[in-house]
Amino acid sequence: MSSSDEPPIFYKYYPIGGLVALQSRCLKCTRPEEFSDVFEAFHIDTDPEIFAGNVLGDPLYHIVADPRTGLPNADWRSKFREWLHLSVQNYPGFRLLATSLDPVRNEDELKIIREGMQAYDDQNPHPIFVLSLTESWSSATMWDTYAGGHTGFTMGFRSEGTLFTSHEWGRPRKIFYQDEPSSGPSEVAKWRRWLIKKTDYQHEKEWRSLFFSSHLEEVASNLFTRKFVDEDLVEIIAGVNASPEFVDALLASKPTGATLYQAEVSADGNIARKPIHRD
(Lines give C-alpha, C1' and ligand atoms only; values in the text may rest on other atoms or scores of the structure.)
Protein backbone atom coordinates (compact mmCIF):
# COMPACT_ATOMS: atom_id res chain seq x y z
CA MET A 1 0.00 0.00 0.00
CA SER A 2 1.44 3.34 -0.99
CA SER A 3 1.40 6.53 1.04
CA SER A 4 -1.10 9.21 0.00
CA ASP A 5 1.69 11.77 -0.47
CA GLU A 6 3.92 9.47 -2.51
CA PRO A 7 5.37 11.29 -5.53
CA PRO A 8 4.84 9.84 -9.04
CA ILE A 9 8.62 9.71 -9.61
CA PHE A 10 11.52 8.86 -7.28
CA TYR A 11 15.03 10.10 -8.07
CA LYS A 12 18.48 8.65 -7.49
CA TYR A 13 21.52 10.94 -7.83
CA TYR A 14 24.90 9.75 -9.10
CA PRO A 15 28.32 11.24 -9.88
CA ILE A 16 29.94 10.51 -13.24
CA GLY A 17 31.05 7.05 -12.10
CA GLY A 18 27.40 6.14 -11.50
CA LEU A 19 26.97 5.72 -15.25
CA VAL A 20 27.59 2.02 -14.63
CA ALA A 21 24.31 1.88 -12.68
CA LEU A 22 22.44 3.09 -15.75
CA GLN A 23 24.34 0.84 -18.11
CA SER A 24 23.89 -2.27 -15.96
CA ARG A 25 20.32 -1.38 -14.85
CA CYS A 26 21.42 -2.08 -11.25
CA LEU A 27 21.15 0.15 -8.17
CA LYS A 28 23.43 -0.36 -5.17
CA CYS A 29 21.68 -0.97 -1.84
CA THR A 30 23.14 -0.17 1.58
CA ARG A 31 23.21 -1.92 4.97
CA PRO A 32 21.53 0.23 7.68
CA GLU A 33 24.64 -0.11 9.82
CA GLU A 34 26.46 2.04 7.25
CA PHE A 35 24.14 5.01 7.82
CA SER A 36 25.75 8.04 9.45
CA ASP A 37 22.86 9.59 11.40
CA VAL A 38 22.32 8.23 14.92
CA PHE A 39 18.55 8.77 14.68
CA GLU A 40 18.43 6.16 11.94
CA ALA A 41 18.62 3.51 14.65
CA PHE A 42 15.12 4.16 15.92
CA HIS A 43 11.59 4.91 14.76
CA ILE A 44 7.93 4.50 15.72
CA ASP A 45 5.62 3.84 12.78
CA THR A 46 3.02 6.62 12.35
CA ASP A 47 0.89 4.85 9.74
CA PRO A 48 -0.03 1.29 10.77
CA GLU A 49 -1.61 0.43 7.43
CA ILE A 50 1.56 1.05 5.44
CA PHE A 51 3.44 -1.74 7.24
CA ALA A 52 0.52 -4.13 7.77
CA GLY A 53 1.77 -7.70 7.54
CA ASN A 54 4.39 -10.02 8.98
CA VAL A 55 8.16 -9.71 9.11
CA LEU A 56 10.07 -12.98 8.69
CA GLY A 57 7.06 -14.83 10.06
CA ASP A 58 6.81 -12.72 13.23
CA PRO A 59 3.63 -10.77 13.98
CA LEU A 60 4.24 -7.06 13.53
CA TYR A 61 2.94 -4.63 16.13
CA HIS A 62 2.03 -1.02 15.29
CA ILE A 63 2.12 1.90 17.69
CA VAL A 64 -0.13 4.67 16.41
CA ALA A 65 1.13 8.20 16.98
CA ASP A 66 -1.04 11.03 18.25
CA PRO A 67 -1.34 13.38 15.21
CA ARG A 68 -1.27 16.44 17.51
CA THR A 69 2.06 15.63 19.12
CA GLY A 70 3.69 13.01 16.89
CA LEU A 71 4.19 10.84 19.99
CA PRO A 72 2.65 7.43 20.72
CA ASN A 73 -0.87 7.50 22.11
CA ALA A 74 -1.20 7.36 25.89
CA ASP A 75 -2.59 3.80 25.91
CA TRP A 76 0.15 2.26 23.74
CA ARG A 77 1.54 0.16 26.61
CA SER A 78 -1.77 -1.56 27.31
CA LYS A 79 -2.36 -2.10 23.58
CA PHE A 80 1.12 -3.54 23.25
CA ARG A 81 0.51 -5.99 26.11
CA GLU A 82 -2.73 -7.11 24.47
CA TRP A 83 -0.88 -7.76 21.25
CA LEU A 84 1.92 -9.60 23.02
CA HIS A 85 -0.56 -11.85 24.83
CA LEU A 86 -2.37 -12.71 21.59
CA SER A 87 0.92 -13.28 19.78
CA VAL A 88 2.11 -15.79 22.35
CA GLN A 89 -1.16 -17.67 21.90
CA ASN A 90 -1.02 -17.56 18.09
CA TYR A 91 2.67 -18.42 17.79
CA PRO A 92 3.41 -20.98 20.54
CA GLY A 93 7.11 -21.66 20.95
CA PHE A 94 8.04 -18.93 18.49
CA ARG A 95 10.54 -16.27 19.62
CA LEU A 96 8.88 -12.87 19.41
CA LEU A 97 10.83 -9.81 18.29
CA ALA A 98 8.78 -7.20 20.17
CA THR A 99 9.47 -7.83 23.84
CA SER A 100 10.94 -4.59 25.24
CA LEU A 101 8.80 -1.80 26.69
CA ASP A 102 11.65 0.47 27.78
CA PRO A 103 12.08 3.74 25.85
CA VAL A 104 15.45 4.78 24.44
CA ARG A 105 16.68 7.76 26.46
CA ASN A 106 20.05 8.80 25.03
CA GLU A 107 22.68 8.16 22.39
CA ASP A 108 24.42 5.47 24.45
CA GLU A 109 21.26 3.39 24.39
CA LEU A 110 20.90 4.02 20.67
CA LYS A 111 24.41 2.66 20.17
CA ILE A 112 23.52 -0.46 22.14
CA ILE A 113 20.43 -0.95 19.96
CA ARG A 114 22.51 -0.49 16.82
CA GLU A 115 25.05 -3.09 18.00
CA GLY A 116 22.21 -5.49 18.77
CA MET A 117 20.64 -4.94 15.36
CA GLN A 118 23.94 -5.55 13.64
CA ALA A 119 24.47 -8.77 15.58
CA TYR A 120 20.96 -9.89 14.60
CA ASP A 121 21.52 -9.05 10.94
CA ASP A 122 24.85 -10.87 10.94
CA GLN A 123 23.07 -14.03 12.08
CA ASN A 124 20.13 -13.53 9.75
CA PRO A 125 20.42 -15.53 6.53
CA HIS A 126 18.71 -12.64 4.71
CA PRO A 127 20.27 -9.35 5.90
CA ILE A 128 18.43 -6.08 5.40
CA PHE A 129 19.47 -3.59 2.70
CA VAL A 130 18.07 -0.15 1.88
CA LEU A 131 17.71 1.75 -1.38
CA SER A 132 17.78 5.51 -0.73
CA LEU A 133 15.82 7.84 -3.03
CA THR A 134 14.47 11.38 -3.12
CA GLU A 135 11.35 13.10 -4.42
CA SER A 136 13.35 16.14 -5.62
CA TRP A 137 15.30 16.45 -8.87
CA SER A 138 15.97 20.20 -8.51
CA SER A 139 17.79 20.47 -5.15
CA ALA A 140 21.08 22.34 -5.63
CA THR A 141 22.42 20.78 -2.42
CA MET A 142 21.64 17.26 -3.63
CA TRP A 143 23.27 17.95 -7.00
CA ASP A 144 26.36 19.27 -5.25
CA THR A 145 26.61 16.47 -2.65
CA TYR A 146 25.56 13.36 -4.56
CA ALA A 147 26.11 14.22 -8.22
CA GLY A 148 29.74 15.34 -8.19
CA GLY A 149 29.18 19.08 -7.99
CA HIS A 150 26.50 19.08 -10.72
CA THR A 151 28.72 17.06 -13.10
CA GLY A 152 26.75 13.81 -12.69
CA PHE A 153 23.12 12.92 -13.22
CA THR A 154 19.92 11.75 -11.59
CA MET A 155 17.57 8.99 -12.70
CA GLY A 156 13.81 9.26 -12.21
CA PHE A 157 11.91 6.03 -11.56
CA ARG A 158 8.20 5.44 -11.91
CA SER A 159 6.70 4.96 -8.44
CA GLU A 160 4.36 2.29 -9.80
CA GLY A 161 7.14 0.48 -11.66
CA THR A 162 8.29 -3.07 -10.94
CA LEU A 163 11.36 -1.73 -9.13
CA PHE A 164 9.10 -0.88 -6.19
CA THR A 165 6.04 -3.08 -6.68
CA SER A 166 7.48 -6.53 -7.37
CA HIS A 167 7.92 -7.10 -3.63
CA GLU A 168 5.78 -5.67 -0.83
CA TRP A 169 8.75 -4.43 1.21
CA GLY A 170 10.23 -2.61 -1.78
CA ARG A 171 7.60 0.11 -1.52
CA PRO A 172 9.40 3.40 -0.71
CA ARG A 173 8.71 4.79 2.77
CA LYS A 174 9.04 8.46 3.57
CA ILE A 175 11.81 9.62 5.91
CA PHE A 176 10.68 11.59 8.97
CA TYR A 177 12.90 14.48 10.08
CA GLN A 178 12.85 15.57 13.72
CA ASP A 179 15.04 17.12 16.40
CA GLU A 180 14.80 14.29 18.94
CA PRO A 181 14.76 10.49 18.55
CA SER A 182 11.41 8.80 19.16
CA SER A 183 10.81 6.49 22.10
CA GLY A 184 9.01 3.18 22.37
CA PRO A 185 9.67 -0.60 22.38
CA SER A 186 13.20 -0.96 21.05
CA GLU A 187 12.63 -4.38 19.52
CA VAL A 188 9.65 -3.09 17.55
CA ALA A 189 11.52 0.02 16.54
CA LYS A 190 14.41 -1.88 15.02
CA TRP A 191 12.21 -2.53 12.00
CA ARG A 192 11.78 1.26 11.68
CA ARG A 193 15.39 2.26 12.11
CA TRP A 194 15.83 3.44 8.54
CA LEU A 195 12.98 5.98 8.64
CA ILE A 196 14.08 8.64 11.15
CA LYS A 197 16.74 11.30 10.52
CA LYS A 198 17.69 14.57 12.13
CA THR A 199 16.21 17.78 10.75
CA ASP A 200 19.70 18.66 9.45
CA TYR A 201 18.95 16.35 6.52
CA GLN A 202 15.43 17.46 5.66
CA HIS A 203 16.57 19.14 2.45
CA GLU A 204 17.10 15.63 1.05
CA LYS A 205 13.34 14.86 0.97
CA GLU A 206 14.35 11.22 1.22
CA TRP A 207 12.37 8.02 0.75
CA ARG A 208 13.70 4.50 1.26
CA SER A 209 12.90 1.01 0.04
CA LEU A 210 13.69 -2.01 2.19
CA PHE A 211 14.97 -5.26 0.71
CA PHE A 212 16.28 -8.49 2.12
CA SER A 213 19.39 -9.89 0.46
CA SER A 214 17.24 -12.64 -1.05
CA HIS A 215 15.53 -9.94 -3.16
CA LEU A 216 18.85 -8.61 -4.49
CA GLU A 217 21.83 -9.70 -6.56
CA GLU A 218 25.20 -10.08 -4.80
CA VAL A 219 27.75 -8.63 -7.23
CA ALA A 220 30.68 -8.76 -4.77
CA SER A 221 31.23 -9.72 -1.14
CA ASN A 222 28.43 -8.01 0.83
CA LEU A 223 27.71 -5.72 -2.16
CA PHE A 224 24.13 -6.09 -3.30
CA THR A 225 22.19 -4.41 -6.10
CA ARG A 226 18.56 -4.14 -7.12
CA LYS A 227 17.85 -4.57 -10.84
CA PHE A 228 15.38 -2.41 -12.72
CA VAL A 229 13.85 -2.78 -16.16
CA ASP A 230 13.74 -0.15 -18.89
CA GLU A 231 10.07 0.55 -18.25
CA ASP A 232 10.83 1.61 -14.66
CA LEU A 233 12.97 4.54 -15.79
CA VAL A 234 10.99 7.66 -16.72
CA GLU A 235 13.69 10.29 -17.14
CA ILE A 236 17.39 11.07 -16.78
CA ILE A 237 18.68 14.54 -15.96
CA ALA A 238 22.29 15.57 -16.64
CA GLY A 239 23.80 18.09 -14.22
CA VAL A 240 24.38 21.74 -14.99
CA ASN A 241 28.14 21.09 -15.26
CA ALA A 242 27.88 17.76 -17.09
CA SER A 243 30.23 17.65 -20.08
CA PRO A 244 28.89 17.16 -23.63
CA GLU A 245 30.75 13.83 -23.75
CA PHE A 246 29.02 12.63 -20.57
CA VAL A 247 25.63 13.75 -21.89
CA ASP A 248 26.33 11.69 -25.02
CA ALA A 249 27.13 8.68 -22.83
CA LEU A 250 23.82 9.11 -20.97
CA LEU A 251 21.98 9.39 -24.28
CA ALA A 252 23.59 6.20 -25.56
CA SER A 253 22.75 4.29 -22.36
CA LYS A 254 19.19 5.42 -21.67
CA PRO A 255 16.13 3.26 -22.44
CA THR A 256 14.15 4.26 -25.51
CA GLY A 257 11.11 5.31 -23.47
CA ALA A 258 12.99 7.56 -21.03
CA THR A 259 13.47 11.30 -21.62
CA LEU A 260 16.91 12.89 -21.26
CA TYR A 261 17.12 16.41 -19.85
CA GLN A 262 19.94 18.88 -19.28
CA ALA A 263 19.79 20.81 -16.00
CA GLU A 264 20.37 24.56 -16.17
CA VAL A 265 20.24 27.55 -13.86
CA SER A 266 17.11 29.62 -14.41
CA ALA A 267 16.91 33.42 -14.28
CA ASP A 268 15.78 33.28 -10.63
CA GLY A 269 18.77 31.12 -9.65
CA ASN A 270 16.87 27.83 -9.33
CA ILE A 271 17.60 24.53 -11.10
CA ALA A 272 15.53 24.12 -14.26
CA ARG A 273 15.81 21.61 -17.13
CA LYS A 274 15.33 21.28 -20.86
CA PRO A 275 14.91 18.13 -22.97
CA ILE A 276 17.82 16.96 -25.11
CA HIS A 277 17.14 15.71 -28.62
CA ARG A 278 20.01 14.63 -30.87
CA ASP A 279 19.90 12.97 -34.25
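**Figure 1. Overview of the protein chain, which comprises 7 helices and 15 strands.** The model shown is predicted. Of the 279 residues in the protein chain, 49% are buried. Among contacts with a separation of 6 or more, 75% link residues that are 24 or more positions apart. The close-up views that follow concern a helix, a loop, a sheet and a pocket.

**Figure 2. Close-up of helix H7, spanning residues 244–253, with its buried residues.** Phe246, Val247, Leu250 and Ser253 are the buried residues of this helix. They lie on the same side of H7, because the arc they cover around the axis is only 130°. As general background, an α-helix has 3.6 residues a turn, so residues three or four places apart point the same way. Pro244, Glu245 and Ala252, on the other side of H7, are exposed. The packing partners of the buried residues of H7 are helix H1 (19–24) and three strands, namely S6 (153–158), S13 (233–238) and S14 (259–265).

**Figure 3. Close-up of Ala258 in the loop between H7 and S14.** Ala258 counts as buried because its relative accessibility is 4%, under the 20% cut-off. With neighbours within four places in sequence left aside, Ala258 is in contact with Leu233, Val234 and Glu235. A separation of 8.1 Å is computed between the C-alpha atoms of Ala258 and Glu231, which are 27 residues apart along the chain.

**Figure 4. Close-up of an open sheet of 3 strands in the order S2-S12-S11.** The pairing in this sheet is antiparallel. Strands S2 (26–29) and S11 (217–220) stand at the edges; each has a single partner strand, so one side of each is left without a neighbour in the sheet. On average, neighbouring strands of this sheet are turned by 45° against each other, direction ignored. In general, strands of a sheet pair through backbone hydrogen bonds, either parallel or antiparallel.

**Figure 5. Close-up of the pairing of strand S12 (residues 223–227) with S2 through 4 bridges.** S2 and S12 run antiparallel. Cys29 stands opposite Phe224 in S12, and Lys28 has Thr225 in S12 as its bridge partner. S12 is also joined to S11, in the antiparallel sense, over 3 bridges. In that pairing, Ala220 stands opposite Leu223 in S12. S11 and S12 form a hairpin with 2 residues between them. Asn222, in the turn of this hairpin, has a positive phi of about 60°.

**Figure 6. Close-up of the largest pocket, which holds about 500 Å³ of space.** The lining of the largest pocket consists of 22 residues. Those nearest its centre are Lys12, Thr30, Ser132, Tyr146 and Glu206. At least two lining residues each come from strand S1 (9–14), strand S5 (128–134), helix H4 (140–146) and strand S10 (206–212). S5 gives the most to the lining of the largest pocket, with 5 residues.

**Figure 7. Close-up of Glu206 in strand S10 and its contacts.** Glu206 is among the residues nearest the centre of the largest pocket. Its relative accessibility of 6% is why Glu206 counts as buried, the cut-off being under 20%. Not counting residues up to four places away in sequence, Glu206 touches Ser132, Leu133, Thr134, Lys174, Ile175, Tyr177 and Lys197. One of these contacts, Ser132, is likewise listed among the residues nearest the centre of the largest pocket.

Terms used: Residues numbered from 1 in each chain as written. Predicted model: local features only at pLDDT ≥ 70, side-chain atom pairs only at ≥ 80, totals over all residues. Heavy atoms only, no water. Buried < 20%, exposed > 50% of the residue type's maximum accessible area, 1.4 Å probe, protein only. Arc of directions from axis to C-beta. Contact = heavy atoms within 4.5 Å. Pairing = 2+ DSSP bridges. Axes fitted to C-alpha atoms, helices over the stretch in contact; angles between N-to-C directions. 1 Å grid on protein atoms, 1.4 Å probe; cavity = no way out; pocket = protein on both sides within 12 Å on 5 of 7 lines; lining within 4 Å. Points joined across faces, edges and corners; volume = space filled by probe spheres on them.
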